[in-house]
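Grab a pencil and keep the viewer open. Below are a few short exercises, each with a solution worked step by step.

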Amino acid sequence: MGIGSGAQARFICAVLKDAGITVEPLYIGKPYPFIYRGIMAELETLLGKKVLPERIAMVGDSLASDIKGANANQLCSCLVLSGITTPELAAQATAERRPDMIFSGV
């Protein structure tokens with residue numbers, strides 16, 4: 001088990017705060033909105049028109065990052081069970097982590 005990037009960022013912010021420096025990190029990875037907004041903007045540039053978030057499918061194997069991020073940004077969330085999430089975990093998912101669709105694999 002390792003320490004994730006979010007925990008590392010919070011640790012660095014705490015150390016800096018002790019030194020009198022206050023910073024607010026910008027989280028770019030899933031489930032944070034920045035990455036989803038960037039992808040939506042890129043799609044709109046490529047297609048030359050507005051793209052509705054619900055017309056974009058986020059396919060992933062993690063309830064905590066892929067599905068939570070897709071749901072928070074109104075994308076269609078598609079869970080694949082060929083990765084880290086089991087059918088049992090998917091069945092127990094809270095509303096914010098509940099996928100719109102579930103597939104056995106890609």
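Before starting, one term: helices here are DSSP runs of H or I with at least four residues, and they are numbered from the N terminus. Proline 31, for instance, sits in the loop between helix H1 (5-18) and H2. Keep in mind that this is a predicted model.

**Exercise 1. Work out which residues of helix H3 (residues 63-72) are buried, and what covers them.**

Step one: list the buried residues. In H3 they are Leu63, Ser65, Asp66, Ile67, Gly69 and Ala70.

Step two: look at what lies over them. The cover includes helix H2 (33-47) and helix H4 (87-91), along with strand S1 (57-60) and strand S2 (76-80).

Step three: check one case by number. Serine 65 belongs to H3, and its relative accessible area is 17%, so it counts as buried, the cut-off being under 20%. Not counting residues up to four places away in sequence, serine 65 touches Lys30, Pro31 and Tyr36.

Step four: try lysine 68, also placed in H3. Its relative accessible area is 26%, so lysine 68 is partly exposed. Leaving aside neighbours within four places in sequence, lysine 68 is in contact with Pro31, Leu63, Glu96 and Arg97.

**Exercise 2. Describe what happens at the N-terminal end of H3 and just after the helix.**

Step one: start with the cap. Serine 62 does the job at the N-terminal end, with a side-chain oxygen 3.3 Å from the backbone nitrogen of alanine 64.

Step two: go past the helix. Just after H3 comes glutamine 74, with a positive phi of about 60°. Glutamine 74 is not a glycine, yet it takes that positive phi. Its place is the loop between H3 and S2.

**Exercise 3. Find the cis peptide bond and the aromatic pair.**

Step one: look at omega. The bond joining lysine 30 and proline 31 is cis, with omega about 10°.

Step two: find the rings. The structure holds one aromatic pair. Tyrosine 27 and tyrosine 32 have ring centres 4.6 Å apart and planes at 20°, so this pair is stacked; the cut-off for stacking is under 30 degrees.

Step three: place tyrosine 32 on the accessibility scale. At 32%, tyrosine 32 counts as partly exposed.

**Exercise 4. Trace how S1, S2 and strand S3 (residues 101-103) fit together.**

Step one: take S1 and S2. They run parallel and are joined by four bridges. The chain gets from S1 to S2 through H3, and this β-α-β crossover is right-handed.

Step two: match residues across the pair. Alanine 57 stands opposite cysteine 76, and methionine 58 stands opposite serine 77.

Step three: sort the faces of S1. Met58 and Gly60 make up the covered face, while Ala57 and Val59 are on the uncovered one.

Step four: do that for S2. Five of its five residues are buried: Cys76, Cys78 and Val80 point one way, Ser77 and Leu79 the other.

Step five: add S3. It pairs with S2 in the parallel sense over three bridges, and methionine 101 in S3 is the bridge partner of cysteine 78.

**Exercise 5. What surrounds serine 77?**

Step one: place the residue. Serine 77 is in strand S2, with a relative accessible area of 0%, so it is buried.

Step two: look for a polar partner. The side chain of serine 77 makes a polar contact of 2.8 Å with the side chain of asparagine 71.

Step three: list the contacts, leaving aside neighbours within four places in sequence. They are Met58, Ile67, Ala70, Asn71, Arg98, Pro99, Asp100 and Met101.

**Exercise 6. How many disulfides does the structure have?**

Step one: search everything. The count is zero.

Step two: check cysteine 78. The nearest cysteine sulfur is that of cysteine 76, 4.0 Å away, and cysteine 78 is in no disulfide. The cut-off is sulfur atoms within 2.5 Å.

Step three: look at accessibility. Cysteine 78 is buried, with a relative accessible area of 5%, and cysteine 13 counts as buried at 17%.

Definitions and conventions: Residues numbered from 1 in each chain as written. Predicted model: local features only at pLDDT ≥ 70, side-chain atom pairs only at ≥ 80, totals over all residues. Heavy atoms only, no water. Buried < 20%, exposed > 50% of the residue type's maximum accessible area, 1.4 Å probe, protein only. Helix = DSSP H or I, 4+ residues; strand = E, 2+ residues; numbered from the N terminus. Contact = heavy atoms within 4.5 Å. Polar contact = N/O pair within 3.5 Å; in protein donor to acceptor, adjacent residues only side chain to side chain. Phe/Tyr/Trp six-rings, centres within 6.5 Å; stacked < 30°, edge-to-face > 60°. Pairing = 2+ DSSP bridges. Right-handed = clockwise from strand over helix to strand, strands pointing away.
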